[in-house]
Amino acid sequence: MVKHLFEAKDRWMMVVSLSFIICHLSFSPIGAQTLLSEYQPGVTQDGAIYRLPKTAVAVTVRAVKTTYTPGDFAKYAQRYLRLNNVSTEPIVKNEVVSVQQSAFAVADTTKTYAVKFDSRTVAANIKLSADGCLLAINSESVEGGTDYSQTQNSTLSVQSSSISNTDPHQYLTEEILAAGSTAKMAELTAQEIYDIRENRNLLIKGQADFMPKDGEQLRLMLNQLQQQDDALTSLFAGSVSRDTTERTFFVCPSKPIDSQVLFRFSQLRGLVDADDLSGVPYYIKVEDLNTVPSLVADAAATKKKQKSSDKGIYVNVPSKMRLTISQGNDLVDAAEHPAPQFGHVELLSDQLFNKRYTTHLLLSPVSGAVDKLEAELPKK
């Protein structure tokens, strides 16, 4: 009886050990390496695996932030310099100045094909893009357009400028600085501005007591007087600075879009995210213009279409799409782009690439459509 119990215990321990080993192998790196993955594009001696592209669009929005800073003597601007509507409070304003669209290619993983090099053909000179899209066969390809290596929405501050970037206080005279009140300082500063303008006019008329010897010296003197005038006037009129920001939004539609918020814009905060309700929404609309007959383009149908008897090179026959950016009822920007994701795929027979003549094939780097297809007859 005891012997049977030990035998049963040994069998139970063996089952537990085998189960542990199986579980351990199923989650180990060795087990993970046996998983199948999709083919990766590339060219080898025996053939090539390539993809066709779909078109994405980069929408670049440029916005300008204008910041007004009142001068020290803003409230005396009308009294001494006759400047009207000068604000004594800071003002910040943001506005969209331009929206531009640029199409570029993205590899379509549902359109992955393989071609085997045959000794009877001359289709071995295949050029692929960095992400595996077919560009050319027996022809030199040129990748055009902007290189968007990252398709994440990005922001870039591109320019900052100021109307008056000179410190006006360095031009204040000893008399102005010694004045007992702000009103008196404003009065003396205004008088200094009028003196500068009078001296500039005398130089221009040639009536100054000390005239420059040549035209270059005159130009330098006039520029210096103008710089002093602008700096001191900013103590009354205030200063304005502008910061320009560009933000790029990436759109790769797989189907038409009726109306969708692309981004929002606030006059106080500038460009904000699409879900930030502090801004006014800007909408994007994508229309399929149906310029080619629509075919089923899902991955399963594409694989069924590519039979073993089908030999050759697959290319895109793209449709066209129109992208419209609007704010309320106002049209902001509209443009048309090729849209292979709304078109279909065609097979170029391998007979085009036999050794009777050399076929040069060049595809559009944006749409994957045929840009050039020509045959070169052999020389006799």
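**A guided tour of two open sheets**

Begin by selecting I126: its bridge partner in strand 5 is I137. This is a predicted model, in which local features need pLDDT of at least 70, side-chain atom pairs count only at pLDDT 80 or more, and totals for chains, interfaces and linings use all residues. Residues are numbered from 1 along each chain as its sequence is written, and side-chain values use heavy atoms, with hydrogens and water left out.

Next, select strand 4 together with strand 5, residues 134–137; the two pair in the antiparallel sense over three bridges. Strands here are DSSP runs (E, at least two residues), numbered from the N terminus, and two of them pair if DSSP finds at least two bridges between them.

Now extend the selection to the whole sheet. Four strands make up this open sheet, ordered 4-5-13-14, with antiparallel pairing. At its edges are strand 4 (126–128) and strand 14 (370–376), each of which pairs on one side only. From one strand to the next, the twist averages 20°; axes are lines fitted to C-alpha atoms, and angles run from 0 to 180 degrees between N-to-C directions.

Then move to the second sheet. It is open, has five strands in the order 9-8-10-11-12, and its pairing is antiparallel. Strand 9 (270–272) and strand 12 (330–349) each have a single partner strand, so one side of each is left without a neighbour in the sheet. The twist in this sheet averages 30° from one strand to the next.

Finally, select strand 8 (residues 257–266) and strand 9, which run antiparallel and are joined by three bridges. Within this pair, look for F265, whose bridge partner in strand 9 is L271.
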